[in-house]
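Student: I have a model open on my screen and I'd like to learn how to read it. Could you walk me through a few features?

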Amino acid sequence: MVVEIPAAAMCSDVLAEQFETVLEQFLEGDFREKWETSKRLVELGPGAIAYLVPLLQDEAYDWEVRWFAARTLGQFDHPDALQALIDMLQRRPDADLLMMVAEGLSHFGEAGIKALIELLEPPEYRLIGVQVLARIQHSAVFVPLLAAVEDADPAVRAEAIAALGNFHHTEVDKLLLSAVQDPSMIVRREAIAALGVRRHLLAQVNLVDTLLPGLWDVRPEINQATAIALGKLGTETAVTALARVLSSPHTPDSLQSSVISALGWIERAAALRALIAALRQRSVPLQIQIVETLTRLQTPPLQQRAGEALCDWLNSYLSQPTADCQLIAAIALALGTLQYQPAVPLLTSLQASADPKVQLYAEAALRKFADEAEVDSI
């Protein structure tokens with residue numbers, strides 16, 4: 001393949017030959033070769049910029065070529081490279097290419113951030129500008145992101161809120177607490193998600209009570225985000241609220257699933273009781289999710305209590321004519337994972353089940369006991 005070299009890139013015949021060789025490898029090579037040749041292009045100097053820019057902009061090239069072009073431009077400390085990346089933003093690239101453009105701009109430090117702030121002025125570029133700022137790990141993005149929270153466009157506000165959630169600052173705490181009342185669903189959702197990982201606020205404000213209304217919000221997305229946030233906070237009040245939602249016959253399955261996951265993150269006896277109670281009331285898919293969730297418990301006393309509850313319930317469940325084999329198999333495997341020793345006789349009897357999956361899972365559970373015993377003997 002003959003690679004056409006822009007005139008601006010040819011400072012000498014020798015350099016032109018070097019460019020031709022490296023650029024051909026850049027276009028035709030695999031991922032590893034592109035990685036290596038991109039470093040070589042940087043070594044050859046800013047003359048490579050004139051060639052990389054059209055590679056970045058031309059949609060006829062495959063994604064990998066454009067991705068590497070953006071990445072390589074970010075390695076040049078040159079205004080032409082900076083301008084090329086800014087120009088690319090105005091073309092509204094897809095998410096993956098956007099991330100690489102953002103990484104490229106981050107190498108320019110405050111110069112790149114300054115260019116992005118200027119891009120925020122026209123409303124049509126504000127969202128893309130905030131999206132890129134959100135991906136740059138630099139203290140200089142803090143103030144422009146704070147300003148973006150006041151934007152009229154909820155998409156801009158939501159992006160800014162999500163990015164600011166990474167900053168530990170009292171101003172951000174106040175902003176997030178206020179944003180849970182935002183009229184836009186996407187803004188409320190981002191604020192709730194960010195508050196779920198700010199446990200330091202529990203000692204300052206009644207954070208759980210601030211989030212609780214989200215469980216009864218008219219938007220399912222807010223219900224689910226709130227359940228997840230409460231699960232991460234993990235207080236007794238959060239457990240009580242989540243248990244109440246899980247036990248309600250009016251709670252849709254999608255939210256029940258989120259609540260089950262949230263309770264599973266909380267290593268508390270109250271959370272375990274709520275999950276065991278739901279095991280007797282929910283649909284089979286949700287029952288299986290509860291069983292699988294219980295296997296992720298890390299506290300030995302809770303593991304044993306979960307094993308006891310599952311074993312007792314399975315003993316009574318097996319006598320039901322409508323017993324589901326998928327659920328029986330899931331509980332059998334869970335008993336092995338939880339290392340609940342009193343379940344061994346029951347698991348041994350399940351090896352004779354008429355259902356092949358129940359047999360298989362019971363055998364797998366018993367092997368877990370044998371494996372654990374072997375480890376203990378070492």
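Tutor: Let's take aromatic rings, then a helix with its buried side, then the core and two loop residues. Keep in mind that this is a predicted model.

Student: How do I read a pair of aromatic rings, and how many aromatic pairs are there here?

Tutor: A pair of aromatic rings is described by the distance of the centres and the angle of the planes. In this model the count comes to 9 aromatic pairs. Take F26 and F68: their centres are 6.4 Å apart with 85° between the planes, which makes the pair edge-to-face. F26 belongs to helix 1 (residues 13-28) and F68 to helix 4 (residues 63-73), so this pair ties together parts 42 residues apart in sequence. Both F26 and F68 are buried.

Student: Which other ring pairs with F68?

Tutor: F31 does, again edge-to-face, at 5.0 Å centre to centre and 65° between the planes. That one also links distant parts of the chain, since F31 sits in helix 2 (residues 31-44) and F68 in helix 4, 37 residues apart.

Student: Are F31 and F68 buried or exposed?

Tutor: F68 has a relative accessible area of 0%, so call F68 buried. F31, with 41%, is partly exposed.

Student: Which residues make up the aromatic cluster?

Tutor: F26, F31, W35, W63, W67 and F68 form one aromatic cluster. While you're there, look at W35: the charged end of R71 sits over its ring, 3.9 Å from the centre.

Student: Now the helix. What should I keep in mind when I look at which residues point inward?

Tutor: An α-helix has 3.6 residues a turn, so residues three or four places apart point the same way. For a case here, try helix 10, where the buried residues are V156, R157, A158, A160, I161, A163 and L164. Their cover includes helix 8 (123-133), helix 9 (142-148), helix 11 (170-179) and helix 12 (185-195).

Student: There's an arginine in that list! What does the side chain of R157 reach?

Tutor: The R157 side chain reaches the backbone oxygen of D151 at 3.0 Å. R157 is in helix 10 (residues 154-164), and at 11% relative accessibility R157 counts as buried because the cut-off is under 20%. Leaving out residues up to four places away in sequence, R157 touches A148, V149, D151, A152, D182, S184 and V187.

Student: And what happens at the start of helix 10?

Tutor: There, a side-chain oxygen of D153 comes to within 2.9 Å of the backbone nitrogen of A155.

Student: On to the core. Which residues touch the most other members of the largest nonpolar core?

Tutor: L89 and L105 do, in a core of 133 residues. Not counting residues up to four places away in sequence, the contacts of L105 are L82, L85, I86, L89, G112, L116, V132 and I136.

Student: Last topic, the loops. What is there to notice about the phi of Q339?

Tutor: Q339 has a positive phi, about 55°, although it is not a glycine. You'll find Q339 in the loop between helix 20 (325-337) and helix 21 (344-350), and at 23% relative accessibility Q339 counts as partly exposed.

Student: Where is D217, and which residues are in contact with it?

Tutor: D217 is in the loop between helix 13 (207-211) and helix 14 (220-233). Apart from neighbours within four places in sequence, D217 is in contact with R188, I222 and N223. The C-alpha atoms of D217 and M185 are separated by 9.7 Å, with their positions 32 residues apart along the chain.

Technical notes: Residues numbered from 1 in each chain as written. Predicted model: local features only at pLDDT ≥ 70, side-chain atom pairs only at ≥ 80, totals over all residues. Heavy atoms only, no water. Phe/Tyr/Trp six-rings, centres within 6.5 Å; stacked < 30°, edge-to-face > 60°. Helix = DSSP H or I, 4+ residues; strand = E, 2+ residues; numbered from the N terminus. Buried < 20%, exposed > 50% of the residue type's maximum accessible area, 1.4 Å probe, protein only. Lys NZ or Arg CZ within 6 Å of the ring centre and 35° of its normal. Polar contact = N/O pair within 3.5 Å; in protein donor to acceptor, adjacent residues only side chain to side chain. Contact = heavy atoms within 4.5 Å. Core = buried A, V, L, I, M, F, W, Y, C linked by side-chain atoms within 4.5 Å.
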